[in-house]
Each structure stands twice: as structure tokens, then as C-alpha cells.
Amino acid sequence: MVRKSFLSYNKTIWGPLELVEKLYPEAEEIGASVRDLPGLKTPLGRARAWLRLALMQKKMADYLRCLIIQRDLLSEFYEYHALMMEEEGAVIVGLLVGLNVIDANLCVKGEDLDSQVGVIDFSMYLKNEEDIGNKERNVQIAAILDQKNYVEELNRQLNSTVSSLHSRVDSLEKSNTKLIEELAIAKNNIIKLQEENHQLRSENKLILMKTQQNLEVTKVDVETELQTYKHSRQGLDEMYNEARRQLRDESQLRQDVENELAVQVSMKHEIELAMKLLEKDIHEKQDTLIGLRQQLEEVKSINIEMYQKLQSSEDGLKEKNEIIARLEEKTNKITVAMRQLEQSDNDLLTQTRTIAMSLVKYASSDTQDQYKLVKDISF
């Protein structure tokens, strides 16, 4: 009957160890180092070198745990009833965690790892009839047994340490998974916030540009309206000064006419009627001038109101346009009134000349002074 080990017929231990590189990327460095060793010729020697390097890295338990989880891959190297395919294999791998507390410094170069390791002699642990009376040997055996008990106690302590380390590793893996998920969520939130920030900056730039354009347009409109207001105010001031000068001239003319009427009291009834009509026209002109003064005062108040409302918003600009329209309407009315005043003045001069001519007809030849006065009035 052919002897079977826990390995299959044509496989070596180097096969599954070489498979660890694909399952655990950090093991690639060990595999490359083992392949670069010049003195190794057999797969068994490479396996021994790999195990020594894994012990020095304190990762043998991690590497073998990744390997033992993949039972479908292990089936290519082990029989179904092999130790590594049973649950005891996971227990053995868990016990290997205790080796991490040992700082191993094993020699790999220059060692003959391809040849068979020497057999350990356990004959000292066996009792022989010849050695029963040897007290010295019994003392050695007792010391060895004490060391064995110490090693077993240390092994139990290491097992408890391994179990606590397993639970701690599991909790750390769970917390690490949660932290990775939270980190991914935080990164997504940061990306979203950056996109929103970029969008808000673009909108802010667009709003700023539109605001600047509106301000420039409003500034140009206000300057134009201000220039128009200044020109209209200058024209109104000139019209006011002209009306005032005409009023002064009319007042002076009225005074002269009254003096002349005082001299001509004794003239005929037609002359008196003509003078009464003249006075009536003068009073109407005064009323018209008073109305013009009031309208000018209103124009001044409207101008002041316009100047105050130039600093308001677009609604204020609309109100200003309405005020300007009313101002233009009143200006047109004043112009019409001035034209009517000029027309009545011309009519008054015509009537005065007519009266003067009638005075010339009825005046006697010896009233030269009166004739001269009437002549001056008519011309």
C-alpha cells in the first residue's frame, strides 16, 4: 500500500505557498526574495526559506489564513481528508499568531535548505532498565519535564493572547470598514460642496456683471437727466428774468400813463373811457404777471423736488419724468401767456396811438404842451 501524507502524490508544500502571492499582495516580496536566492534548487528548500522569511516578518499566520480560506484552491494540493482541509487547519493557523511575539532572526543565505533536516533524538525522554539507578539522569529528566510543563503553560497563555488578539483584530476590521465608508461619504460630500461652491461663484460673477452693467446704464441716464434739468432750469431763469424786466417796464409805463392821465383829466369823455379801458388792461396784465409769478414759484418747487428725486431708484425716475412733463406743460402755458401778453401789449400800444390821434384831432392849437405829450405817447 502506498503511503500517503497530508500532501497529495505529486505536489509539494511550495505550491500552496507560492499561491499566497496572488491572494495576499504583500507576500510578493517574500516570493521574489526566495526565487532570487542562489543556493536553492528544490521546491522544499524554497518552502523552508519562505517560512523563515515569514517568521521574521511576523506575518506567517496572516499569510496562511488567506490561504486556508480558499478551500477550492487548496483542493488542488491537498486531499479532501487532509489536515489543512479540515477545521483543525484553521485552529492551527490561529495558534501560529502566537509566533508573532518572537523576534526571529533566522539565517537564509548560506544554509543548505534543500537537504533533509537532522532527526531530533528523543531517547533521553524514554526510560531504560539500565538507567533506573542513574540518579543523575533522573534529575535531568525531571528538569526537562519541568521545562515541558513551563512550555505548555506558556502555550496556554499564548493561546489566550491569540484569542484576544483575534477579537481585537475583528473589532479593528469592523471599525476600519466603518471609517472607510464614512471617508467615502465625506469625499462625496466634499465633491458635491465643491461643485455647489463653483456654481455659486459662477452665479455670483454673473450677478455682479449684471449689477455693474445696470449701474453704468443708470449712471449714464442720471447724468443725461441732470444735464437736461440744468438746461431747462437755465432757460426758466432766463424766462423769469425777462418776465421781471418786462414787469418793471410795464410798471414804469403804467406810472407814465397815470401821470399823463392826471394832466388830461379835463379832456373829453371818450378819452376818459379810453383811459379806463387802458387801466383795466393794465390791471389784467398785473393779474397775469402775478399768476406768472405763482407759476414760476411752482416751477421752482418742482425743480427742487426733481433735484431731490434724482437720487432715488427707477420708480423715482418715472415720477421725475412725470414732473418734467408737467414742467414742460407749464412752460408751454407760460410761453402762451407771454405771447398773449405781448399781443395785449401790442393792442395796448395800438389803442394808445388811436387815443393819441383822437387827441390830436380835438386838441386846440394853443395847447402845444399837450400836443407834444400826445405826440410823444403816440410815437
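How do helix 2 and helix 3 lie relative to each other: parallel, antiparallel, perpendicular or oblique? The legends below start with that pair, as it appears in this predicted model.

**View 1. Helix 2 packs on helix 3.** Here we have residues 28-36 (helix 2) against residues 43-57 (helix 3). Their axes sit 10 Å apart and make an angle of about 135 degrees, so the two helices are oblique to each other. The contact is built from I30, G31, S33 and V34 on helix 2, plus R46, A49, W50, L53, A54 and Q57 on helix 3. Sorted by class, that gives six nonpolar, three polar and one charged residues. As for handedness, this crossing is right-handed.

**View 2. Helix 1 also packs on helix 3.** Helix 1 covers residues 14-23, and its axis is 9 Å from that of helix 3, at an angle of about 50 degrees. This pair is therefore oblique as well, but its crossing is left-handed. W14, L17 and V20 of helix 1 meet P43, R46, A47, W50 and L51 of helix 3. Seven of these contact residues are nonpolar, none is polar and one is charged.

**View 3. A stretch annotated as coiled coil.** An unreviewed UniProt entry puts the label "coiled-coil region" on residues 169-203 and 240-347. In the model, residues 169-203 are 100% helix and 0% strand, with 50 Å between the end C-alpha atoms.

**View 4. The start of the chain, with its pLDDT.** Across residues 1-10, pLDDT stays under 50, and the model has 11 contacts for them beyond four places in sequence. For the chain, the mean pLDDT is 79, with 85% of residues at 70 or more.

Methods
Residues are numbered from 1 along each chain as its sequence is written. This is a predicted model: local features need pLDDT of at least 70, side-chain atom pairs count only at pLDDT 80 or more; totals for chains, interfaces and linings use all residues. Side-chain values use heavy atoms; hydrogens and water are left out. Axes are lines fitted to C-alpha atoms, for helices over the stretch in contact, and angles run from 0 to 180 degrees between N-to-C directions. Helices (H or I, at least four residues) and strands (E, at least two) are DSSP runs, numbered from the N terminus. Angles under 35 degrees count as roughly parallel, over 145 as roughly antiparallel, 65 to 115 as roughly perpendicular and the rest as oblique. A crossing is left-handed if the near helix is turned anticlockwise from the far one by less than a right angle, and right-handed if clockwise. Contact means heavy atoms within 4.5 Å. Ala, Val, Leu, Ile, Met, Phe, Trp, Tyr, Cys and Pro count as nonpolar, Asp, Glu, Lys and Arg as charged, and the others, Gly among them, as polar. UniProt positions are given in the numbering used here, feature names are shortened, and annotations may be inferred rather than shown by experiment. pLDDT is the predictor's confidence in each residue, from 0 to 100.
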